[in-house]
Amino acid sequence: MDAAGEEPADRVRALLGADPSIEERRMFGTRAFLDEGRILVGARKDGTLLVRVDEENGAVAVTLPGAARAVMGSRTMGSGWIDVAASAIADDAALMTWIDMARESVGAALADDDD
């Protein structure tokens with residue numbers, strides 16, 4: 001991964017580092033951060049943040065500045081995968097907003113699995 005991708009990975013790691021349920025893995029060309037085995041976010045090579053959200057949050061997320069449905073190669077991903085431009089996560093508060101949205105979505109998915 002290049003320096004542009006390492007910077008958001010370092011920031012995500014710092015923000016989530018105290019949480020023992022978070023696992024970091026290299027996946028899909030990103031440094032992915034998982035909670036209970038589910039991807040929350042991934043730091044991509046160009047500094048873009050890949051965010052996993054549920055459908056409801058995905059519909060809102062794409063309307064936010066710097067956000068768009070994720071593209072991997074030539075494929076546009078489903079509504080639950082959002083690319084967030086590096087400029088939109090320039091400060092830790094903005095980055096944490098996206099992480100929180102992903103955690104909310106994963107929490108809802110895990111609760112559904114328990115039903």
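# Close-up views of the chain

**View A. S105 is a buried residue, with a relative accessible area of 5%.** The model shown here and in the other views is predicted. S105 belongs to helix α3. S105 counts as buried because its relative accessible area of 5% falls under the 20% limit for that class. A polar atom of the S105 side chain lies 2.9 Å from the backbone nitrogen of D54. With neighbours within four places in sequence set aside, the residues in contact with S105 are R52, V53, D54 and N57. D54 thus appears both in the list of contacts and as the residue whose backbone nitrogen lies 2.9 Å from the S105 side chain.

**View B. The overall fold combines three helices with eight strands.** Along the sequence, these elements follow the pattern α-β-β-β-β-α-β-β-β-β-α. Of the 115 residues in the protein chain, 40% are buried. Among contacts with a separation of 6 or more, 53% join residues 24 or more positions apart. The accessible surface of the protein chain is about 6,000 Å², and carbon and sulfur atoms account for 51% of this area.

**View C. Six strands form an open sheet in the order β1-β2-β3-β4-β8-β5.** The pairing in this sheet is antiparallel. At its edges are β1 (22-27) and β5 (67-69), each of which pairs on one side only. From one strand to the next, the twist averages 25°. At the β5 edge, three bridges join β5 and β8 in the antiparallel sense, and A67 stands opposite V84 in β8.

**View D. β1 and β2 form a hairpin.** The antiparallel strands β1 and β2 (residues 30-35) are joined by six bridges. E24 has F33 in β2 as its bridge partner. Two residues lie between the strands, and F28 in the turn has a positive phi of about 55°.

**View E. β3 and β4 form a hairpin with four residues between them.** These strands pair in the antiparallel sense over three bridges. V41 stands opposite V51 in β4. In the turn, G47 has a positive phi of about 95°. On its other pairing, β4 runs antiparallel to β8 over four bridges, where V51 stands opposite I82. V51 therefore faces V41 across one pairing and I82 across another, as bridges define which strands pair.

**View F. T48 is placed in the loop between β3 and β4.** T48 counts as buried because its relative accessibility is 12%, which is under the 20% limit. The T48 side chain makes a polar contact of 2.8 Å with the side chain of D46. Not counting residues up to four places away in sequence, T48 touches G42, A43, D83, V84 and A86.

**View G. P8 in helix α1 is buried at 1% relative accessibility.** Leaving out neighbours within four places in sequence, P8 is in contact with A43, G47 and I89. One of these, G47, is the turn residue with a positive phi of about 95°. The C-alpha atoms of P8 and G42 are 8.8 Å apart in space, although the two residues are 34 residues apart in sequence.

**View H. The largest nonpolar core contains 23 residues.** Those with the most contacts inside this core are V12, V41, L49, V51, I82, V84 and W98. Two or more residues each are contributed by α1 (3-16), β3 (38-44), β4 (49-52), β8 (81-84) and α3 (92-114). The largest share, six residues, comes from α3. V41, V51 and I82 recur here among the residues with the most contacts in the core; in the sheet, V51 stands opposite V41 and also opposite I82.

**View I. W98 is in contact with residues that include L49, V51 and A61.** Its other contacts, with neighbours within four places in sequence left aside, are L64, A67, I82, V84, A88 and I89. Two of these residues, A67 and V84, stand opposite each other where β5 pairs with β8. A second, separate core has nine residues, including L34, A70, M77 and W81.

Notes: Residues are numbered from 1 along each chain as its sequence is written. This is a predicted model: local features need pLDDT of at least 70, side-chain atom pairs count only at pLDDT 80 or more; totals for chains, interfaces and linings use all residues. Side-chain values use heavy atoms; hydrogens and water are left out. A nonpolar core is a set of buried Ala, Val, Leu, Ile, Met, Phe, Trp, Tyr and Cys residues joined through side-chain atoms within 4.5 Å. Buried means under 20% relative accessible area, exposed over 50%, partly exposed in between (1.4 Å probe, protein chains only). Contact means heavy atoms within 4.5 Å. A polar contact is a pair of N or O atoms within 3.5 Å; within protein, one must be able to donate a hydrogen and the other to accept it, and residues adjacent in sequence count only if both atoms are side-chain atoms. Accessible areas come from the Shrake-Rupley method with a 1.4 Å probe; for residues, only the protein chains shown count as cover. Axes are lines fitted to C-alpha atoms, for helices over the stretch in contact, and angles run from 0 to 180 degrees between N-to-C directions.
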